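Subject: Structure for your review

Dear colleague,

Please find below the structure that I am handing over to you. My account of what was found in it follows directly after.

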Amino acid sequence: MAGKDHILVATLSTEPQGITRVLDWLLAQRYPITEVVIVYTTATVIQPALATVTAEFAVGVYPGIRYRSVAVGGEKGPVADIRSAADA
């Protein structure tokens, strides 16, 4: 594992602890995670979870780990929810 960047790419649901529990477990297993990328839809129900995860990184809970959030986008712009193959 040494010498390589390890990036956690995860989809966000309404439960932000799904992201942080996985990250905590990977770090406990000594995976050298250097970046976390959260992929999310723009649905209103997802926004509190996104704010929670973003805040954890902003206050330094995970020092030295870069954080990015990326909204799912489609041909018509941001996707609020994925209900069909056309939304994906």
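Is R66 buried, partly exposed or exposed? In this predicted model, R66 is partly exposed, with a relative accessible area of 45%. I begin with this residue and its salt-bridge partner, and then turn to the sheet, the helices and the core.

Salt bridges

R66 forms a salt bridge with E35, and the closest N and O atoms of the two are 3.5 Å apart. This pair links distant parts of the chain, since R66 belongs to strand β3 (residues 66–71) and E35 to strand β2 (residues 33–40), 31 residues apart. Unlike R66, which is partly exposed, E35 is buried: the relative accessible area of E35 is 9%, and the limit for a buried residue is under 20%.

E35 also meets the side chain of R68 in a salt bridge, with an N to O distance of 2.6 Å. Because E35 lies in β2 and R68 in β3, this pair ties together parts of the chain that are 33 residues apart in sequence. R68 counts as partly exposed, at 45% relative accessibility. Through shared partners, the salt bridges join E35, R66 and R68 into one network. The count of salt bridges in the model comes to two.

Sheet and helices

The three strands form an open sheet in the order β1-β2-β3, with parallel pairing. β1 and β3 stand at the edges and have a single partner strand each, so one side of each is left without a neighbour in the sheet. From one strand to the next, the twist averages 20°.

β1 and β2 pair in the parallel sense over six bridges. Within this pairing, V9 stands opposite V37 in β2, and the bridge partner of H6 in β2 is I33. The chain passes from β1 through helix α1 (residues 17–28) to β2, and this β-α-β crossover is right-handed.

Both helices can be placed against the sheet as follows. Helix α1 packs on the sheet and touches β1 and β2, its direction making about 160° with that of β1. Helix α2 packs on the sheet as well, touching β2 and β3, and its direction makes about 160° with that of β3.

Strand β1 (residues 6–11) has two faces: H6, L8 and A10 form the covered face, whereas I7, V9 and T11 form the uncovered one.

Nonpolar core

In soluble globular proteins, nonpolar side chains tend to be buried together. In this model, the largest nonpolar core contains 18 residues, of which L8, L12, L23, I33, V36, F57 and I65 touch the most other members. β1, α1, β2 and α2 (47–58) each supply at least two residues of this core.

Which residues does L23 contact, leaving aside its neighbours within four places in sequence? L23 is in contact with L8, I33, V36, F57, Y62 and I65. L8, named here as a contact of L23, is also part of the covered face of β1, and I33 is the residue in β2 that bridges to H6.

Yours sincerely

Conventions: Residues numbered from 1 in each chain as written. Predicted model: local features only at pLDDT ≥ 70, side-chain atom pairs only at ≥ 80, totals over all residues. Heavy atoms only, no water. Salt bridge = Lys/Arg side-chain N within 4 Å of Asp/Glu carboxyl O. Helix = DSSP H or I, 4+ residues; strand = E, 2+ residues; numbered from the N terminus. Buried < 20%, exposed > 50% of the residue type's maximum accessible area, 1.4 Å probe, protein only. Pairing = 2+ DSSP bridges. Right-handed = clockwise from strand over helix to strand, strands pointing away. Core = buried A, V, L, I, M, F, W, Y, C linked by side-chain atoms within 4.5 Å. Contact = heavy atoms within 4.5 Å. Axes fitted to C-alpha atoms, helices over the stretch in contact; angles between N-to-C directions.
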